[in-house]
Amino acid sequence: MKNSLLLDAGGGGRASQRLIAERFFRHFANPLLERMDDAALLADLRPPLAMSTDAYTVTPLFFPGGSIGTLAVHGTVNDVAMLGARPRYLSCAFVLEEGLDMELLDRVAADMGKAAREAGVLLVTGDTKVVPRGACDKMFITTTGLGSVFAEPTPSGHNARPGDAVLLSGSVGDHGLTILGARENLSFLSDVASDSAPLNRMTAAVIERAGDVHVLRDPTRGGLASTLNEIAEQSGVSIILDEERIPVHEAVKSGCSFLGLDPLYLANEGKCVCILPEERAEAALAAMRNFPCGAEAARIGRVTAAEKRPRVALNTRIGGSRFLSMPEGAPLPRIC
Ligand code: MG
């Protein structure tokens, strides 16, 4: 018989202790977590600190290239890294539905532990609640990440300047299309996989090698087009992209054209945009390409002064030009 989660396990008693010890500690093991105090004591973080939090509700829980567990680590680690910080610690809160298959919970916890080790972060504190059947869909996870900022100046969406180069660490659209394919069982998308990956080692190398990084941002929900629109608005500049330079995998291109989707608006979970002075672009690209997650890094455009208002324009493959607007809402819910 399948071992499934009982409501008791969220009650704070023995059943809770067993759940935490058996399902989480063995995957997250570290001395800070094992102290089991009310909070984790972090004695070695030097300010300024970067902190970020995210709730993960992806469905399905497992998909080609990752799971809710990899996303819960990578998504938060990457957001902290985008501030020019070294992510060090994570907290995690689980909301679990009564009746959840324990084997599934174990696989998610194993993915989180592995992702944390790969990213070099420790899961040091957490919480688990169990809610009655129907009060949530299997499992929601919230993680918070903390790290010390070492980049000087600190990268920010407000810092893009006319003349800067716009770099992208790799292909776009993979994650969003994978979730759509997994949810709808679209067999023609079998060659597509999520790019879920930690970016912190790569961004640290870019900052160390190129320096003076003006903007780092990961184009997650809303995709590359939304992220660049945000940056253009925050910095009061325009961004001009060359369509033929934006890496898109063949399987993503053909899947998108079949479904009428634009890969520039699909979510990514292992890519970043890097904007910096033109003369530093080659050094930054070389640093990215040293990492598997940056192997396809490319220079995709440049920053210009805004004319009437900040805009993102795309020079198309056939020689035309069009504006990429900010989407109104999410085309696909629960992708991360
Ligand atoms: Mg982000």
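This is a short walk through the metal site, a sheet region, a surface patch and the cysteines of the structure above. Please keep in mind throughout that we are looking at a predicted model.

Let me begin with the magnesium ion, whose protein donors are D79 and D218, each contributing through an OD atom and lying 2.1 Å from the ion. These two aspartates come from distant parts of the chain, with their positions 139 residues apart: D79 sits in helix 3, which covers residues 68–81, while D218 belongs to the loop that follows strand 8 (215–217) and precedes helix 7 (223–235). As for their surroundings, D79 has a relative accessible area of 26% and is partly exposed, whereas D218, at 9%, counts as buried.

From there I would like to turn to strand 9, residues 237–242, and to ask which way its two neighbours run, parallel or antiparallel. Strand 11, which spans residues 298–305, is antiparallel to strand 9 and is joined to it by 5 bridges; within that pairing, S238 has T304 as its bridge partner. Strand 12, residues 312–315, runs parallel to strand 9 instead, and here 4 bridges make the connection, with D242 partnered by N315.

On the surface, there is a nonpolar patch formed by F188, F258, L259 and L261, and together these residues present about 380 Å² of accessible area. One of them, F188, is found in the loop between helix 5 (174–184) and helix 6 (200–210), and with a relative accessibility of 42% F188 is classed as partly exposed.

Finally, the cysteines, where the natural thing to ask is how many disulfides the model contains. The count comes to 0, and two residues illustrate this when set against the cut-off, which asks for a pair of cysteine sulfur atoms within 2.5 Å. For C92, the nearest cysteine sulfur belongs to C136 and is 15 Å away, so by that cut-off C92 is in no disulfide. For C256, the nearest cysteine sulfur is that of C336, at 17 Å, and C256 is likewise in no disulfide. Both residues are buried, C92 with a relative accessible area of 7% and C256 with a value of 1%.

To gather up the main points, the magnesium ion has D79 and D218 as its protein donors, strand 9 pairs with strand 11 in antiparallel fashion and with strand 12 in parallel fashion, and the disulfide count is 0.

Terms used: Residues numbered from 1 in each chain as written. Predicted model: local features only at pLDDT ≥ 70, side-chain atom pairs only at ≥ 80, totals over all residues. Heavy atoms only, no water. Buried < 20%, exposed > 50% of the residue type's maximum accessible area, 1.4 Å probe, protein only. Donors = N, O, S within 2.8 Å, 3.2 Å for Na, K, Ca; no water. Patch = residues over 30% accessible without salt bridge, like charges linked within 9 Å, V, L, I, M, F, W, Y side chains within 5 Å. Areas by Shrake-Rupley, 256 points an atom, 1.4 Å probe, with all protein chains shown as cover. Salt bridge = Lys/Arg side-chain N within 4 Å of Asp/Glu carboxyl O. Pairing = 2+ DSSP bridges.
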